[in-house]
Amino acid sequence: MMKQQQEYLNEITEIRSLMERSSRFLSLSGLSGVMAGVYALLGAAFAYWTIYQNDYQLVYRRVDLGETNTINLLILDALLVLTLSLLTGLFLTHRKAKKAGASLWDKQARQLLINLMIPLFTGGILSLILLQRGYVGIIAPLTLIFYGLALVNVSKYTFTDVRQLGLIEIALGLISCVYIGYGLLFWAIGFGILHIAYGLLMYVKYEKGKQ
Amino acid sequence: MIQNINKAFESRVRLGVMSVLMVNEKLDFNALKELLQLTDGNLASHLKALEKAGFIDVHKQFIGRKPNTQYMATQEGKKAFLAHLEALENLVKKSKKS
């Protein structure tokens with residue numbers, strides 16, 4: 001009787017694992033989250049330096065974002081962070097997939113990417129339009145909110161922890177809507193610190209000691 | 001006690017095919033092969049059996065010049081699979097008590 005029970009349990013476990021493996025992308029590397037966070041913090045430090053470099057006096061923190069040069073430099077900075085994060089993420093994820101003998105570009109990966117890109121592109125384009133009109137202060141909250149929505153959207157195609165991260169990003173974005181002017185700080189928390197924290201969490205949970 | 005344990009699902013492979021077709025709308029032959037790590041012949045014969053039982057639908061099509069066969073679970077197949085799963089769970093629960 002005991003042996004039979006074990007057999008049925010094995011069967012159920014196998015079914016569950018097959019369902020999971022066939023519908024979720026599980027090669028996502030936690031380390032890529034950590035690296036993305038590091039890039040974001042460096043990018044934020046650079047942005048801080050760019051914005052406040054002419055700020056000698058200890059009077060008001062007068063932020064001059066009016067100059068097109070500064071704006072362009074900041075956009076370039078953000079794009080550089082994004083590109084570096086994506087490339088590192090792709091590299092690390094490819095490495096993890098190879099180790100696990102899974103293919104990188106399968107149906108699960110496509111689902112993940114497409115569903116990530118829909119909210120992300122919407123947010124990106126909206127941000128660019130608003131930037132053109134001079135609504136600089138709203139950009140940081142908006143990018144955080146749309147990034148959070150994108151993460152919640154893809155959480156059903158990968159690790160469930162991503163959903164929680166997405167919800168926190170949305171909350172952070174909404175809070176930063178109230179404290180406009182501290183956008184860079186919220187940005188550094190949302191894209192830097194949270195990425196590092198969740199990247200480490202997922203690395204320890206799914207990768208460490210399992211390779 | 002063995003009621004609802006479906007004969008068609010006695011094979012690990014068939015159970016595996018149904019499991020992945022429960023959570024994916026449709027999958028092609030190669031995707032199934034990769035997921036279940038089977039040889040062509042082995043997978044094909046089990047797919048035939050499931051098709052005969054009316055548990056899966058088969059759609060043949062061409063992508064460019066390459067033939068591509070898509071498989072999806074039928075309503076009947078889904079029902080049978082869920083009943084089988086429930087029966088398995090009940091068996092485990094019962095034997096835990098005894």
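**View 1. A:Ser32, a buried serine in helix 2 of chain A.** In this predicted model, A:Ser32 has a relative accessibility of 11%, so this residue counts as buried. Its place is in helix 2 of chain A, which covers residues 30-52. Look at the side chain: one of its polar atoms lies 2.6 Å from the backbone oxygen of A:Ser29. Leaving aside residues up to four places away in sequence, A:Ser32 touches A:Thr88, A:Gly89, A:Leu92 and A:Thr93.

**View 2. A:His195 meets a stretch of chain A that is far off in sequence.** What does A:His195 touch, once residues up to four places away in sequence are set aside? The list is A:Gly33, A:Val34, A:Ala36, A:Gly37, A:Tyr147, A:Leu165 and A:Gly190. Take A:Gly37: 158 residues separate A:Gly37 from A:His195 along the chain, yet their C-alpha atoms are 4.8 Å apart in space. A:His195 belongs to helix 7 of chain A, residues 183-207. With a relative accessible area of 10%, A:His195 falls under the 20% cut-off and is therefore buried.

**View 3. Helix 5 and helix 6 of chain A, side by side.** Helix 5 takes in residues 139-154 and helix 6 residues 161-178; their axes come within 7 Å and cross at roughly 160°. An angle over 145 degrees counts as roughly antiparallel, so that is how these two helices of chain A run relative to each other. The crossing of helix 5 past helix 6 is left-handed. Residues that meet here include A:Leu144, A:Tyr147, A:Gly148 and A:Leu151 from helix 5, and A:Leu165, A:Gly166, A:Ile170 and A:Gly173 from helix 6.

**View 4. The largest nonpolar core, with residues from chains A and B.** This core has 32 residues, and those touching the most other members are B:Phe9, B:Val17, B:Met18, B:Leu32, B:Leu43, B:Leu47 and B:Phe81. Which elements give two or more residues to this core? From chain A there is helix 1 (2-23); from chain B there are helix 1 (12-23), helix 2 (29-36), helix 3 (40-52), strand 3 (66-73) and helix 4 (75-97). A second, separate core holds 22 residues, among them A:Phe25, A:Ala109, A:Leu151 and A:Val154.

**View 5. Helix 1 and helix 3 of chain B, with B:Met18 among the residues that meet.** The axes of these two helices come within 10 Å and cross at roughly 70°. That angle makes helix 1 of chain B roughly perpendicular to helix 3 of chain B. On the helix 1 side, the meeting residues are B:Val13, B:Arg14, B:Val17 and B:Met18; on the helix 3 side, they are B:Leu43, B:His46, B:Leu47, B:Ala49 and B:Leu50. Not counting residues up to four places away in sequence, B:Met18 also touches others, including B:Phe9, B:Phe55, B:Ile56 and B:Phe81.

**View 6. B:Gln37, an exposed loop residue.** B:Gln37 sits in the loop between helix 2 and helix 3 of chain B. Its phi is positive, about 55°, although B:Gln37 is not a glycine. Is B:Gln37 buried or exposed? Exposed, with a relative accessible area of 66%.

**View 7. Stepping back to chain A, a chain of seven helices and zero strands.** The C-alpha trace of chain A spans about 80 × 30 × 30 Å along its principal axes. Of its 211 residues, 41% are buried. Among contacts in chain A between residues at least 6 apart in sequence, 75% join residues at least 24 apart.

Note on methods: Residues numbered from 1 in each chain as written. Chains lettered and ligands numbered in written order. Heavy atoms only, no water. Helix = DSSP H or I, 4+ residues; strand = E, 2+ residues; numbered from the N terminus. Buried < 20%, exposed > 50% of the residue type's maximum accessible area, 1.4 Å probe, protein only. Polar contact = N/O pair within 3.5 Å; in protein donor to acceptor, adjacent residues only side chain to side chain. Contact = heavy atoms within 4.5 Å. Core = buried A, V, L, I, M, F, W, Y, C linked by side-chain atoms within 4.5 Å. Axes fitted to C-alpha atoms, helices over the stretch in contact; angles between N-to-C directions. Parallel < 35°, antiparallel > 145°, perpendicular 65-115°, else oblique. Left-handed = near helix turned anticlockwise from the far one by under 90°.
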